[in-house]
Amino acid sequence: MPEAAGDLKTRLLRVISAAETGQVEALLDRLWASGRFRIRRAPHTGLLMASARDPFDTSFHLGEVLVSEAQVVCDGQVGCGVICGEEPQRALLLAAVEAAAQAGGASMREWICDLVERLEKTKGQREARMSRLAAATRVRFTSMKKETVDFGSLGDPPEKRP
């Protein structure tokens with residue numbers, strides 16, 4: 001069953017941080033080379049108000065967050081990419097993936113799924129490596145437990161003198 005455009009973009013959002021800048025640029029070059037894409041709105045930065053709820057279910061504003069936005073058209077379908085930080089290439093990639101997923105085409109969708117799976121694998125490997133590094137610094141508190149010394153092994157106790 002083909003994956004919905006929103007699901008594919010959500011999966012990409014989870015792993016796009018794992019992609020190197022050069023990798024993102026290479027992916028965009030490959031998409032532009034197909035001739036099916038055009039930039040509708042060039043990447044630009046903006047501010048979004050980040051809102052949250054406290055434990056008492058009261059909403060409050062955390063503050064403004066810098067985001068990069070872009071819009072791309074693929075076969076008449078518009079895709080929009082918004083990502084935290086000044087990341088114009090990643091915003092373009094998100095927009096292109098959304099546009100391509102909405103435009104359909106089995107080969108394009110398969111290529112994007114393959115891309116997302118590779119990025120998920122890269123992110124998984126990176127997280128596993130960081131987990132191993134953190135485990136290497138683990139302190140074993142079992143050595144800090146109170147120890148009892150068997151003085152009997154030191155020989156006979158000295159006699160008490162009056």
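At what angle do helix 2 and helix 3 pack, and how far apart are their axes? Keep that in mind as you open the viewer, and remember that what you are looking at is a predicted model.

**Stop one: helix 2 and helix 3**

Select residues 21-33 for helix 2, then add residues 88-103 for helix 3. The two pack at an angle of about 40°, with their axes 10 Å apart. Angles under 35 degrees would count as roughly parallel and 65 to 115 as roughly perpendicular, so helix 2 and helix 3 come out as oblique to each other. Turn the view until one lies in front of the other: helix 2 passes helix 3 in a left-handed crossing.

Now show side chains. On the helix 2 side, pick T21, V24, E25, L27, L28, L31 and W32; they meet Q89, R90, L92, L93 and A96 in helix 3. Colour this contact by class and you should find eight nonpolar, two polar and two charged residues.

**Stop two: on to helix 4**

Keep helix 3 on screen and add helix 4, residues 106-136. Here the axes come within 8 Å and cross at roughly 140°. Since only angles over 145 degrees count as roughly antiparallel, helix 3 is oblique to helix 4. The handedness to look for is again easy to name: helix 3 passes helix 4 in a left-handed crossing.

Which residues do the meeting? Select V97, A100 and A101 in helix 3, along with M108, R109 and I112 in helix 4. By class, this contact has five nonpolar residues, no polar ones and one charged residue.

**Stop three: two loops worth a click**

Leave the helices and move over to the strands. Strand 1 covers 37-53 and strand 2 covers 59-74, and D57 sits in the loop between them. Click on D57 and check its backbone: phi is positive, at about 65°, although this residue is not a glycine. Why look twice at that? Because most residues other than glycine have a negative phi. Is D57 buried or exposed? With 53% relative accessibility, D57 counts as exposed.

Next, follow strand 2 to its other loop, the one leading to strand 3 (77-84), and select D75 there. D75 is another non-glycine residue with a positive phi, this time about 50°. Its relative accessible area is 46%, so D75 is classed as partly exposed; the exposed label needs over 50%.

**Last view**

To finish, show helices 2, 3 and 4 together. Look for the left-handed crossing of helix 2 with helix 3, then for the left-handed crossing of helix 3 with helix 4.

Definitions and conventions. Residues are numbered from 1 along each chain as its sequence is written. This is a predicted model: local features need pLDDT of at least 70, side-chain atom pairs count only at pLDDT 80 or more; totals for chains, interfaces and linings use all residues. Side-chain values use heavy atoms; hydrogens and water are left out. Axes are lines fitted to C-alpha atoms, for helices over the stretch in contact, and angles run from 0 to 180 degrees between N-to-C directions. Helices (H or I, at least four residues) and strands (E, at least two) are DSSP runs, numbered from the N terminus. A crossing is left-handed if the near helix is turned anticlockwise from the far one by less than a right angle, and right-handed if clockwise. Contact means heavy atoms within 4.5 Å. Ala, Val, Leu, Ile, Met, Phe, Trp, Tyr, Cys and Pro count as nonpolar, Asp, Glu, Lys and Arg as charged, and the others, Gly among them, as polar. Buried means under 20% relative accessible area, exposed over 50%, partly exposed in between (1.4 Å probe, protein chains only).
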